[in-house]
Amino acid sequence: DYGMTFTARLNGYGVLFINQNEDMAVTLRSGAYPWMNQKDSIKKIIFGEKVTLCGNYAEEIGLMPDMVSNTATLNSQAKFQFCTSLEEVVIRGKYLQFSTEEVFWGDTALKTITCDEDALIEIEGHSLDDTPWYHADGYRMLGRTLLKYNGTDEAADAIPDTVERIGGYAFAGNESIRKIVLPETAAEIGVSAFFNCINLERIMIPASMTVIEEAAFRNCEALNHVVIPAGVTSLGVDLFSGCKALTDLVIEEGNTACRLENGALYNRDTTTLLWCMPTISGTYRVPDTVTSISVRALAQCPELREIDFPDSLQSLAADAFGENPSLTGLVVSADNPTLSVEDGILCSKDKKTVYLCPRDRAGQVQIGDGPTVLLPYAFAACSHLTQVEVPDTVHMIMEGAFMDCDHRRKMRGHA
């Protein structure tokens, strides 16, 4: 019993019951949960009807008790990892969000998870990746959330019509599916829901859709046609990176989240560049309304040769260019407050961060004193370089900085 906030009881049959105590809203912010000292004894967990959030997200967003009416929030250390005897989880509430990816890691005996058919459960697939329940054939449903599809049908068009949310990683890595028709009840697509569905060619998104989260379609290499409905009000970043066949993208009239202009996807007021389609070639002049360029926004344009950056730009994602092999021209004015070009290399204005070396650069490159960070893919695909001299000021070389380069041969002057 935690200070008249919530109650956790483990009985002699291995049943752990967690619920709100009294008529209070609860946010537990620190301290390890004592049931983990007896995790080998836990066979069943019952979440009471007033437990709504499990994980650390409440703490991250500053969620306070008076913001959650008459509910209990377990966060920070609220995990149930490596409970190897856990076989069953029962959720009694109408809504429960697990906001970390590790909640049920290592629970290798978990075969049954049940909740009310009207419940909305939010949990990322990685949380259940070690459980037999998650890997059973067919659709893995929890209430109104589709958590996982393990089928092998080319057309996954029999998704239950009660689904409201496609959970994070629900279809990730499924190489059998070529077409998906989401039901008219679906309103949300979770993080990386279709990540690495490399043979997926088409997905039919219903008018009921309102939210499409980060990286939802990343690395869907065969995806060639997507329509974003007018009702979608929230789009995550990195939605289509790796979608090298996506040449038919349609934004329905009336959409307030984004717009498509000359092959480039922006937020509605054209202040954020979200993604450039593979069809963009030659020189791309970023509109002077753009203040930020998102993750991998320019990564999937094999014929893009030159980028002209506006002085309005305030933020450039670390891996905005990905491993794009064709970029050879980088145009930045002297008045740009964010970027500069030093010896042909794109850097931050203070010269401490190296973004990109033109892919056709040949021979030797000597990075001047001052830079401290080489960002992902900064020298990727620079196959004509023979040597890169890195100064001692550089203390971080990020993953992929020398992808497709023999950096052991080409780097000098840095341990």
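Trainee: Leaving aside neighbours within four places in sequence, which residues is arginine 361 in contact with?

Mentor: In this predicted model, arginine 361 is in contact with Asp343, Gly344, Ile345, His384 and Leu385, once the neighbours within four places in sequence are set aside. The residue itself lies in the loop between β32 (353-356) and β33 (363-366).

Trainee: Why does arginine 361 count as buried?

Mentor: Its relative accessibility is 18%, and the cut-off for buried is under 20%, so arginine 361 falls on the buried side of that limit.

Trainee: What does the side chain of arginine 361 reach, and at what distance?

Mentor: The side chain of arginine 361 reaches the backbone oxygen of aspartate 343 at 2.8 Å, and because a polar contact requires a pair of N or O atoms within 3.5 Å, that distance lies inside the limit. Aspartate 343 also appears among the residues that arginine 361 is in contact with.

Trainee: What makes glutamine 387 count as buried or exposed?

Mentor: Glutamine 387 has a relative accessibility of 9%, which is set against the limit of under 20%, and therefore glutamine 387 is called buried. Its place is in strand β35 (residues 385-389), and its side chain makes a polar contact with the side chain of glutamate 389, at 2.8 Å.

Trainee: How do you know which strands are the edge strands in the open sheet of five strands?

Mentor: The order of that open sheet is β30-β31-β32-β34-β36, with mixed pairing. Strands β30 (339-342) and β36 (396-397) are the edge strands, as each of them pairs on one side only.

Trainee: What makes β34 and β36 a pair, and in which sense do they pair?

Mentor: Two strands pair if at least two bridges are found between them, and strand β34 (residues 373-374) and β36 have two bridges, in the parallel sense, so the requirement is met. One of the residues involved is leucine 374, whose bridge partner in β36 is isoleucine 397.

Trainee: In which sense do β22 and β23 pair, and over how many bridges?

Mentor: Strand β22 (residues 258-261) and strand β23 (residues 264-267) pair in the antiparallel sense over four bridges, with cysteine 258 standing opposite asparagine 267 in β23. Their hairpin has two residues between the strands, and asparagine 262 takes a positive phi near 55 degrees there.

Trainee: Why does threonine 270 count as buried, and why is threonine 271 called partly exposed?

Mentor: Threonine 270 has 7% relative accessibility, and because buried means under 20%, threonine 270 counts as buried. Threonine 271 is at 22%, and since partly exposed runs between the 20% limit for buried and the 50% limit for exposed, threonine 271 counts as partly exposed. Threonine 270 is found in the loop between β23 and β24 (272-276), and threonine 271 lies in the loop between β23 and β24 as well. Threonine 270 has a positive phi of about 60 degrees although it is not a glycine. Threonine 271 touches Thr289, Val290, Thr291 and Ser292, not counting residues up to four places away in sequence, and its C-alpha atom is separated by 9.2 Å from that of serine 312, 41 residues apart along the chain.

Trainee: Why is asparagine 196 called partly exposed?

Mentor: The relative accessible area of asparagine 196 is 28%, and because partly exposed means between 20% and 50%, the label follows. Asparagine 196, in the loop between β16 (188-189) and β17 (202-204), has a positive phi of about 65 degrees although it is not a glycine.

Trainee: How many nonpolar, polar and charged residues has the lining of the largest cavity?

Mentor: The lining has nine nonpolar, no polar and no charged residues, namely Val89, Ile91, Phe98, Phe104, Leu110, Ile113, Ile123, Leu128 and Leu142. About 40 Å³ of space lies in the largest cavity, and the count of cavities of 30 Å³ or more comes to one.

Trainee: How do the residues lining the second largest pocket divide by class?

Mentor: They divide into four nonpolar, four polar and four charged, and the lining residues include Lys244, Arg296, Glu323 and Pro325. About 210 Å³ of space lies in the second largest pocket.

Technical notes:
Residues are numbered from 1 along each chain as its sequence is written. This is a predicted model: local features need pLDDT of at least 70, side-chain atom pairs count only at pLDDT 80 or more; totals for chains, interfaces and linings use all residues. Side-chain values use heavy atoms; hydrogens and water are left out. Buried means under 20% relative accessible area, exposed over 50%, partly exposed in between (1.4 Å probe, protein chains only). A polar contact is a pair of N or O atoms within 3.5 Å; within protein, one must be able to donate a hydrogen and the other to accept it, and residues adjacent in sequence count only if both atoms are side-chain atoms. On a 1 Å grid over the protein atoms alone, a cavity is a set of points where a 1.4 Å probe fits but cannot get out, and a pocket is an open set with protein on both sides within 12 Å along at least five of seven lines; lining residues have an atom within 4 Å of a point. Grid points are joined across faces, edges and corners, and a volume is the space filled by probe spheres set on the points. Ala, Val, Leu, Ile, Met, Phe, Trp, Tyr, Cys and Pro count as nonpolar, Asp, Glu, Lys and Arg as charged, and the others, Gly among them, as polar. Contact means heavy atoms within 4.5 Å.
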